[in-house]
Amino acid sequence: MKEMSSKNTSKSQTLNDLEIPNNTDAHKGIELFRNGLLFLTKRGLLAWLLLLAVWVIASKVSDASFLPSPWKTLISAQGLIKTGTLQNDLLISLLRILAGWLIGSTIAIPLGLIIGQFKIIRYLLEPLINFFRFVPAIGFLTLFLLWFGVGEISKIALIIYATMFPIIINTITGVIAIDPLKIESAQSQGASKFQIFYSVVIPSAVPNIFTGVRLGLGGAIIAIVAAEMLAAQNGIGYLIYTSRLYYRTDWIFVGIFVLGFIGYLSDTLLRLFGKVVLKKYGVFEKETK
Amino acid sequence: MIKNSIELKHVFKKYHAPASFFAPKKENPLVLQDINLKIALGEFHIFLGRSGCGKSTLLNIIAGFLPKTSGQVLVNGHEVTAPGRDRGVVFQNADAAIFPWLTVYENVSYGLKMQHFSEKERTPIVNQSLKLVGLDQHANKYPYELSGGMKQRVQIARSISNDPDILILDEPFGALDAQTRRIMQDELIRIWQKTKKTILFVTHDIQEAAYLGQKISIFSPAPASNIYKTITVDHPYPRNVFSKENEELVTELNNYFPIGGH
């Protein structure tokens, strides 16, 4: 800064001198700020900071029961943890999601493989799949309660339903998209049709199956929250829905953030699994290259 | 009498567009017209022709991937109806043909595994194939760690380990750089001389044909391709690209592919 001011007062002032010279403190400061901003953006933190800032400002100008501040939400979360409600609801929701998602995947992956492999089965079942995949799981809630009772089975059945479609559709795509050269390679090495199915078709479809399983997890979370809101005595969905009876908007915020974390953490774990265990099948090939 | 490895009698090929509800069935032009050819056991045979002339179609028929429209295709006296491990195939696109989820070693042992060879039986065969193509130091690598030339070596090794009668190569070095291509051509000759397999090699590269082939079948342009002529080349191996006899051969072959004509 000193350099700048001395230059500004000097007689031989040209246009060039007006610009900030490269090695001044001011320039370094700007550089540091820019790099810091870039770092935060790349790490995905800037968006959170911005959201937090907007939230703080908005909560300052509005009523606490209308929009609780981040601080108030945190304190409410602490309260819910002390009474054990939050852990309890979280655990129950997680177990339901996990059970439904695992069962759904176990049914949907083989089904997708078979539908993809056999044209005649594809012709038979594709119309049904393309019809029912547009009917959201929640549309079946009442029916499932009627058929499977108000217990856990109806909720898990709902998640199974929600999980299956993205997995089936992606698995079919993976089987159909297999490069014919891979099949021909196996054929000219004497592999039988069944051998080709399990040693070439299934490994080739792994990246697509994995995408389906990830999407299925998202579907599972959406379905369980809806189900818990309408027909449950516990779970995060129940927490959010009952909060309205007590006019506790802060609890709703706690519930929303917990849901976000469930999704984010489970997907991060799943991606890690894909990157480490399924790497050789070409999962995340584009990201790593 | 020389035993024929491959014998083609009056082979015709027409592609049929699938008949649909709206489009009436169309008579499609012939792709291959009356192909007659005998390839002897242990011969290095080249199919030379312009892109789209049907040489790959004929190769696919011999490999069993495509049905012929009429005629006879005999491999060791047996009619070809399906692909089989008596005909090893090396594709141009190695990335699509090799299994990326298997290591080099596992790729090369795949065919033996499918034939229920025990691990004890497989190991020496696979190691020998890897050594033959010079990949023994890279056995545990995955395909994405390999260069283009190495991937083609994997394809050759996995074919060899199935001990086929015929090695079919469909423009295998077309995607490689000039230096690697020359190295691989020399390698292929070495492997051929060592294993004494019948080799059927498809290319559109006149230099490559002249450098490799014992017999060069020249395809007439599309449509309704035929084998215009089969030239016998008796230059000894290893060949010299700059020798007078090679240059004469290249000039002769060039005459069959006039620039501007088709």
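**Exercise 1. Work out the strand order and the edges of the sheet in chain B of this predicted model.**

Step 1. Take the order. Four strands of chain B form an open sheet, arranged 2-1-4-5. The pairing is antiparallel.

Step 2. Find the edges. Strand 2 (30–40) and strand 5 (78–79) of chain B each have a single partner strand, so one side of each lacks a neighbour in the sheet.

Step 3. Check the pairing of strand 5. Strand 4 (residues 70–75) of chain B is joined to strand 5 of chain B by 2 bridges. One bridge partner is explicit: Leu74(B) pairs with Glu79(B) in strand 5.

Step 4. Check confidence. The average pLDDT of chain B is 89, and 94% of its residues score at least 70.

**Exercise 2. Describe the side of chain A that touches chain B.**

Step 1. Count the residues in contact. Chain A gives 16 residues and chain B gives 22.

Step 2. Assign them to elements. Helix 10 (180–187) and helix 11 (193–230) of chain A each give two or more residues to this side. Helix 10 of chain A has the largest share, with 5 residues.

Step 3. Sort by class. The side of chain A that touches chain B holds 5 nonpolar, 7 polar and 4 charged residues.

Step 4. Add the model scores. The ipTM is 0.89 and the pTM is 0.83.

**Exercise 3. Compare the annotated transmembrane regions with the modelled chain A.**

Step 1. Read the record. An unreviewed UniProt entry annotates "transmembrane region" at residues 37–58, 90–116, 128–150, 156–178, 216–239 and 251–273 of chain A.

Step 2. Take residues 156–178 of chain A. The chain there is 91% helix and 0% strand. The end C-alpha atoms are 33 Å apart.

Step 3. Take residues 216–239 of chain A. Here the chain is 79% helix and 0% strand. The end C-alpha atoms are 23 Å apart.

**Exercise 4. Locate the hubs of the largest nonpolar core, then examine helix 12 of chain A.**

Step 1. List the hubs. The core has 118 residues. Leu158(A), Ile159(A), Ala220(A), Ile62(B) and Ile168(B) touch the most other members.

Step 2. Expand one hub. Leaving out residues up to four places away in sequence, Ala220(A) touches Ile97(A), Gly100(A), Trp101(A), Ile159(A), Ala162(A) and Thr163(A).

Step 3. Turn to helix 12 (residues 236–243) of chain A. Its buried residues are Ile236(A), Gly237(A), Tyr238(A), Leu239(A) and Ile240(A).

Step 4. Identify the cover. Those buried residues are covered by elements including helix 6 (85–117), helix 11 and helix 13 (249–277) of chain A.

Conventions
Residues numbered from 1 in each chain as written. Chains lettered and ligands numbered in written order. Predicted model: local features only at pLDDT ≥ 70, side-chain atom pairs only at ≥ 80, totals over all residues. Contact = placed C-beta atoms within 7 Å. Nonpolar A, V, L, I, M, F, W, Y, C, P; charged D, E, K, R; others polar. UniProt positions renumbered as here; feature names shortened; annotations may be inferred. Pairing = 2+ DSSP bridges. Core = buried A, V, L, I, M, F, W, Y, C linked by C-beta atoms within 7 Å. Buried ≥ 20, exposed ≤ 12 C-beta atoms within 10 Å, placed from the backbone. pLDDT = per-residue confidence, 0-100.
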